[in-house]
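Me: I would like a close look at one part of this protein, with the surroundings described afterwards so that I can place that part. Please take your time and define your terms as you go.

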Amino acid sequence: MNDNQARIIDIIRGTTVDGPGFRTSIYFAGCAHHCPQCHNPQSWDFEAGRNVGIDELMEVIKEEDFDVTLSGGDPLYQPEVAGNLIAEVRKTGHKVWVYTGFTWEEILADPRLLSAIRNAEVVVDSPFDCTLRDPDLLFRGSANQRLILVEESLRRGEIVTYPDKR
Ligand code: SF4
């Protein structure tokens, strides 16, 4: 697999649960976080789904003309292609949210992960913790997960979160 090809399980058009507004959500294959009570354990398999080029993904994204969410699985196990895809989406003027089981601190400590999320609007970080599950939380499953505004957090050197109100 090269940096312009992703292993994905699914593309969902027009979803409203993976960030604000209607969105195109791309579910990457593979996750090694193995959170207890994960909502999508079939996504853990790195061989699940199919290989798709960024060009093909961009065709769907342009056709739908929505903001985009990368989820999974965990897209940051494919950091190069995720970063390249985010950069392409940003050229269209659309924003990207990234769901990951890595913490913000782990992302900052790993140049490959940091490079991948640099052009995203929001990173929803941290593994799902079933002991902190709360169905009333906005766009995330457990209270340890954060909606992190990427650009402002990097600029200020501290975590700045997306306004947590409906
Ligand atoms: S990070 Fe997400 S996909 Fe991965 S095991 Fe945890 S809840 Fe499941």
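In which element is the place of K62?

Reply: K62 has its place in helix α1, where helices are DSSP runs of H or I with at least four residues, strands are runs of E with at least two, and both are numbered from the N terminus. Before going further, please note that this is a predicted model, in which local features need pLDDT of at least 70 and side-chain atom pairs count only at pLDDT 80 or more, while totals for chains, interfaces and linings use all residues. Residues are numbered from 1 along each chain as its sequence is written, and side-chain values use heavy atoms, with hydrogens and water left out.

K62 is exposed, because its relative accessible area is 55%, and the class follows from cut-offs computed with a 1.4 Å probe on protein chains only: buried is under 20%, exposed is over 50%, and partly exposed lies in between. From K62 to T92 the chain runs 30 residues, yet their C-alpha atoms are 7.8 Å apart in space.

Helix α1 (54-64) also faces inward, in the sense that it supplies at least two residues of the largest nonpolar core. Such a core is a set of buried Ala, Val, Leu, Ile, Met, Phe, Trp, Tyr and Cys residues joined through side-chain atoms within 4.5 Å. This one has 32 residues, and I26, L70 and L85 are those with the most contacts inside it. Other contributors of at least two residues include β1 (5-15), β2 (23-28), β4 (67-71) and α2 (79-91). L85 is in contact with I54, L57, M58 and I61, and also with I26, F28 and L70, once neighbours within four places in sequence are set aside; contact here means heavy atoms within 4.5 Å. In soluble globular proteins, nonpolar side chains tend to be buried together. A second, separate core of 9 residues includes V122, V124, L149 and V160.

M58, one of the partners of L85, also gives a useful distance to the loop between β2 and β3 (50-53), where Q42 has its place. Q42 and M58 are 16 residues apart in sequence, but their C-alpha atoms are 25 Å apart. Q42 counts as exposed because its relative accessibility is 57%. Q37 is found in that loop as well, and it has a positive phi of about 65° although it is not a glycine. Q37 is exposed, since its relative accessible area is 61%.

The ligand is surrounded by C31, H33, H34, C35, C38, H39, W44, G73, G101 and F128, each with a heavy atom within 4 Å of it. By class, this shell has 5 nonpolar, 5 polar and no charged residues. The ligand sits in the largest pocket, which is to say that more than half of its atoms lie within 2 Å of the pocket's grid points. A pocket is an open set of points on a 1 Å grid over the protein atoms alone, where a 1.4 Å probe fits, with protein on both sides within 12 Å along at least five of seven lines.

G73, one of the residues around the ligand, is found in the loop between β4 and α2, and the peptide bond from G72 to G73 is cis, with omega near 15°. The loop between β4 and α2 also holds Q78, which is buried because its relative accessible area is 10%.

Further along, L132 lies in the loop between β6 (122-124) and β7 (147-149) and is partly exposed, because its relative accessible area is 35%. Not counting residues up to four places away in sequence, L132 touches G141, S142, A143 and N144. The C-alpha atoms of L132 and H34 are separated by 16 Å, and H34 is one of the residues around the ligand. S126 is in the loop between β6 and β7 too; it has a positive phi near 80°, and it is buried, since its relative accessible area is 7%.

Key:
1 Å grid on protein atoms, 1.4 Å probe; cavity = no way out; pocket = protein on both sides within 12 Å on 5 of 7 lines; lining within 4 Å. Nonpolar A, V, L, I, M, F, W, Y, C, P; charged D, E, K, R; others polar.
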